[in-house]
Amino acid sequence: MCGIFGAFGFDDKSGGFRDTAIALSKRIRHRGPDWSGVKQFSNNILCHERLAIVGVDSGAQPLTNADESILLAVNGEIYNHVALRKTLKKKHEFKTHSDCEVILYLYEEMGTDFISMLDGMFAFILYDSKKDCYIAARDPIGVTTLYQGWRYSDNSVWFASEMKSLHDECDRVIAFPPGHFFSSKTGETTQYYSPSWFKHVEDQYPPVNRAAPKQTLKEELEMYGALRIALEKATKKRLMSEVPFGVLLSGGLDSSLTSAIAIRCMKDAEDGTGNDDDAKSVTDAASAWPRLHSFSIGLKGSPDLAAARRAADFLKTVHHDYTFTVQEGLDAIADVIWHLETYDVTTIRASTPMWLLSRKIKAMGVKMVLSGEGSDEILAGYLYFHSAPNAQALHHECISRIQNLHTSDCLRANKSTMAWGLEARVPFLDKEFLDVAMTQVPAERKVSGEKSAYGQKMEKHVIRMAFDVHKLRELQKKAGVTKPSDLSNPAYFIHPDTLPYLPDEILWRQKEQFSDGVGYSWIDGLKDMAEKMVSDQEFERVKQGWLYKEDAPTTKEGVWYRRVFEKLYPQRACLESVVRWIPRKDWGCPEDPSGRAQKAHNQAYEKKDGEAEQEEAAEEQPAATAAKKRGKKGGAANESAKSAKKSKA
């Protein structure tokens, strides 16, 4: 990824706007520290801050067509750029090896119709000097950030990767909507990404009283196979890189799956079993780092660090785990809010450790990492989903969360990493995987706990099953599936020699939200600091409506973050792009977004504690019986059992 900036129709009577534009673009140079570029036509200008990952030797931007009448600044990656080149009807002289240059020639031949053909994460601004018009577009889900601003004094229109390049100059600033493009010809913002499942809310699908669909064992196998193959393809295409890359490995399900798939893709490329352009790109990258490097962070003794180490040992990655202290996290809060451009509590909680980790990763020379964002929204992974009243409500909540990812997890993943010039890629938000997960998996399959019609106790059961080699073999046996041709897609078949993707303790590990998994005392420390930073009197004024009349915080922690945000971004225009992430109150969920605040989290750990006590009691019983047989006093046996129990604790 990179940083882009553009302004169109500005007043430049003094002739000094180029310097102003360069200064504004410099505010996002952390996104692209490798090179800077500027192109200007009259009172229209494009600036680019480059992070070189593909086409390293020749991809400097803004890019231009043959006669330099079209300018293009892109932030992101176009994964299908090779296939798109083959669709061009005319012969074009490509100037670079950049995956983004194809956009210029697609525009020349198709106008704006090509945008829906792009497969990738991107935000771009294109200016056509012959027609004196421009377009801007953002990827379908909003993995890549983009903002749009308006200055009323000269009716100019502005775009930038981050709000900090716009807020001092524009009267209004918005987060540009994902899956849309803006055209100066019409002055309208048009939606180009509208999959069929977007309409499920309007159509009230699935019906609220629908019985859970009955699937044959073969149909169930094919559902799991479709999910698995789609995620493998999504991960593989995201390994397109000419520089060393790694994986963010928290030890949770999502990051562990993408890491496991990446390992297999690299091995296939190394063995020569991959036969497409994606496999070749993996081979190129692997020459820089023959083994995959994985990275995790947490407080000392955190759940994530321990789980990440177990996953890394199983996958045989070169693992780097880092610890931070609560104080180091607290010291970073103002910087994190400056980079994130939000005051949302859960985003700041989760972003701070990620921001700290990204700095460590970049220091090792890594420019790109895979990350697991998106899975929880797609597959109802957050613990508050256990409180959904029915499958329809759960499915509609998934759709809403996906459509708003650009305000939360995508924003966090993008800005926390790009603060240090590190690019995060997210396989779960691949368009094809989204379609499979949202249309081929019945909504009832995502319901977990007591309300599950399929007896699925743990969240995201369907994706866990899709990668559980042992259970899939058992299912194949029950279904009478003995060979690949028994299934509609032979790739869905699990062969006898297929190795496990992950150990069961990782594949079936309960969801821990990142801000919890790094160590429970992290959130506790933030709340304690908020108590010191915000007095009872100030908080009472907030509750009474005297402060923050728009989107008022409801906790002292929220007040603290809002105060920092408004100090950094004092203009009223800056509030419009912020959206707060809050669990569903109407489902009876606590307002605190922490996974620990949800009932499902406590129930799971109460169950674990109960099971542990039963196991210890079972172990104590034989010890006591043996002691009696040896003629020893029961007290000695009890002391022995107590000692064993204490050592377990």
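# Contacts, sites and backbone in a predicted model

Modeller: Residues 24 or more positions apart account for 73% of the protein's contacts with a separation of 6 or more, contact meaning heavy atoms within 4.5 Å. This is a predicted model, in which local features need pLDDT of at least 70, side-chain atom pairs count only at pLDDT 80 or more, and totals for chains, interfaces and linings use all residues. Residues are numbered from 1 along each chain as its sequence is written, and side-chain values use heavy atoms, with hydrogens and water left out.

Colleague: How many helices and strands does the secondary structure of the protein come to?

Modeller: Helices (H or I, at least four residues) and strands (E, at least two) are DSSP runs, numbered from the N terminus. By that count the protein has 22 helices and 17 strands.

Colleague: What percentage of the 649 residues in the protein is buried?

Modeller: Buried means under 20% relative accessible area, exposed over 50%, and partly exposed in between (1.4 Å probe, protein chains only). Of the 649 residues, the buried ones make up 58%.

Colleague: Where does UniProt place the feature "active site"?

Modeller: The feature comes from an unreviewed UniProt entry. UniProt positions are given in the numbering used here, feature names are shortened, and annotations may be inferred rather than shown by experiment. The position given is Cys2.

Colleague: Is cysteine 2 buried or exposed?

Modeller: Cysteine 2 lies in the segment before strand E1 (3-8). Leaving aside neighbours within four places in sequence, the contacts of cysteine 2 include Arg31, His48, Glu49, Ser161 and Met418. Its relative accessible area is 6%, so cysteine 2 counts as buried.

Colleague: At which residues does UniProt place the feature "binding site"?

Modeller: This feature also comes from an unreviewed entry. One of its positions is Ser371, found in the loop between strand E16 (368-370) and H10. The full list is Leu248, Ile297, Ser371 and Gly372.

Colleague: Which residues is serine 371 in contact with, leaving aside its neighbours within four places in sequence?

Modeller: Serine 371 is buried, at a relative accessible area of 4%. With its sequence neighbours within four places set aside, serine 371 is in contact with Leu248, Thr258, Met354, Arg425, Val426 and Pro427.

Colleague: At roughly what angle do the axes of helix H8 and helix H20 cross?

Modeller: Axes are lines fitted to C-alpha atoms, for helices over the stretch in contact, and angles run from 0 to 180 degrees between N-to-C directions. The axes of H8 (residues 326-340) and H20 (residues 556-568) come within 9 Å and cross at roughly 50 degrees.

Colleague: Why does H8 count as oblique to H20?

Modeller: Angles under 35 degrees count as roughly parallel, over 145 as roughly antiparallel, 65 to 115 as roughly perpendicular and the rest as oblique. The H8 and H20 axes cross at roughly 50 degrees, which means that H8 is oblique to H20.

Colleague: Is the crossing of H8 and H20 left-handed or right-handed?

Modeller: A crossing is left-handed if the near helix is turned anticlockwise from the far one by less than a right angle, and right-handed if clockwise. For H8 and H20 the crossing is right-handed.

Colleague: How do the residues of the contact of H8 with H20 divide into nonpolar, polar and charged?

Modeller: H8 contributes Leu330, Ile333, Ala334, Ile337 and Trp338, and H20 contributes Trp560, Tyr561, Val564, Phe565 and Leu568. Ala, Val, Leu, Ile, Met, Phe, Trp, Tyr, Cys and Pro count as nonpolar, Asp, Glu, Lys and Arg as charged, and the others, Gly among them, as polar. The division for the contact of H8 with H20 is 10 nonpolar, no polar and no charged.

Colleague: Which residue does a cis peptide bond join to tyrosine 205?

Modeller: The omega of this bond is about -5 degrees. The partner lies in the loop between strand E12 (188-191) and helix H4 (217-237). That partner is proline 206.

Colleague: What is the omega of the cis peptide bond that joins glutamine 61 and proline 62?

Modeller: Proline 62 is in the loop between strand E3 (44-50) and strand E4 (63-64). The omega of its cis bond to glutamine 61 is about 0 degrees.

Colleague: Is aspartate 132 buried or exposed?

Modeller: Aspartate 132 is not a glycine, yet has a positive phi of about 50 degrees. This residue lies in the loop between strand E6 (120-128) and strand E7 (133-138). With 52% relative accessibility, aspartate 132 counts as exposed.
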